[in-house]
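User: Could you take me through one part of this model up close? I would like to start from a single residue and work outwards from there.

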Amino acid sequence: MEILDGKKVSNQIKEEIAAEVAKMRERGEKVPHLAAVIVGNDGASLTYVGSKVKSCKRVGFESTLVQLPSTTSELELLNKIEELNKDENIDGFIVQLPLPEQIDTQRVLLAVDPDKDVDGFHPTNFGKMALDMSTFIPATPFGILELLERYKVDTQGKHTVVIGRSHIVGRPMSILMGRKGWPGNSTVTLTHSHTKNITQITSQADIIISALGVPNFLKAEMVKDDAVIIDVGITRVPDETKEKGYYITGDVDFENVSKKASFITPVPGGVGPMTIAMLLKNTLLARERHRNKK
């Protein structure tokens, strides 16, 4: 069994990006600039955005953090997005989700310029991804592909089962694993909360990608020997014995499933760190595109 070490690989990617940025500076070029918009003060979102800003600094990007109060109206947020769309200094930006209930998330994501949508959530980019065209791939699926590639995990002709059909992970992952090329060329089954006999399906899978958000959902008896397990779930489980009052776990019963797997991602330290690394990679791609356009 081999651990798919997202922490290690994400550090390698950041070093590669930093080297690229250093060359840009030497050539006197503008370095990539990533902006993040956060509405309100959700703890997990603030932590996540904070680590994005830190990562930008580490690779030599410029970064801007736009913090808006939780009382911000939809119109105010749309105006701020329009400002960022027009700002030529900014190559890419993200709007941190979830948004407060007075704001329509779909309307906000549609307002982002697809050329600056480094999260890969805009329908234009999602559509291009589905058609195998060059575009921004959502950061978490992009990170999973990168892990599979760097660990040389064979996906061709394999049966991949995706658990969960969110627009951010499950659905794009099902499209990407079935595309021509590598990682890809696998036969994909997309399962969700209405799937019957899920154990029957997962126990036939060569590769399982679980993005359900249910702690320890995937048990050892649901997995065949030598399966590749990608755990995208991340849940805070309350635990008074821990200093923070909780511990973090994934969708997979790691202790027992890892005994049967050929490759497995840990939680934390697996898919999570890859998400930020690939967001940086998308921002670098955005910078290159904008330079080529000019």
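Leaving aside its neighbours within four places in sequence, which residues is Ile-209 in contact with?

Analyst: Happy to! Please keep in mind that this is a predicted model. Once the neighbours within four places in sequence are set aside, Ile-209 is in contact with Ile-144, with the run Thr-160, Val-161, Val-162 and Ile-163, with Met-173 and Met-177, and with Ile-230 and Val-232.

Several of these names come back when we step out to the core. The largest nonpolar core has 48 residues, and those that touch the most other members are Ile-17, Phe-61, Ile-144, Ile-209, Ile-230 and Val-232. Helix α10, residues 271–293, supplies the largest share of this core, with eight residues. There is also a second, separate core of 15 residues, and Leu-77, Leu-99, Ile-103 and Val-108 are among its members.

The chain around Ile-209 has a detail worth a look too. Between β7 (207–210) and β8 (228–231) runs a loop that holds Asp-226. This residue is not a glycine, yet its phi is positive, near 70 degrees. Asp-226 counts as exposed because its relative accessibility is 57%. Asp-132 offers a second case: its phi is about 65 degrees, again positive in a residue that is not a glycine. Asp-132 sits in the loop between α5 (123–130) and α6 (139–150), and its relative accessibility of 47% makes it partly exposed.

Leu-77, from the second core, leads us to helix α3. This helix spans residues 74–86, and its 13 residues reach 19 Å from first C-alpha to last, close to the 18 Å expected at 1.5 Å a residue. Its buried residues are Glu-74, Leu-77, Ile-81, Leu-84 and Asn-85. They lie on the same side of α3, because the arc they cover around the axis is only 105 degrees. Leu-75, Glu-83 and Lys-86 are exposed on the other side of α3. As for partners, the buried residues of α3 pack against the strands β2 (33–39), β3 (62–68) and β4 (92–95), and also against helix α4 (105–111).

Between β4 and α4 there is a loop that contains Pro-98. Leu-97 and Pro-98 are joined by a cis peptide bond, with omega about 0 degrees. Another cis peptide bond joins Val-267 and Pro-268, where omega is about -5 degrees. Pro-268 brings us back to α10, since its place is in the loop between β11 (263–264) and that helix.

Key
Residues numbered from 1 in each chain as written. Predicted model: local features only at pLDDT ≥ 70, side-chain atom pairs only at ≥ 80, totals over all residues. Heavy atoms only, no water. Core = buried A, V, L, I, M, F, W, Y, C linked by side-chain atoms within 4.5 Å. Buried < 20%, exposed > 50% of the residue type's maximum accessible area, 1.4 Å probe, protein only. Helix = DSSP H or I, 4+ residues; strand = E, 2+ residues; numbered from the N terminus. Contact = heavy atoms within 4.5 Å. Expected span 1.5 Å × (residues − 1). Arc of directions from axis to C-beta.
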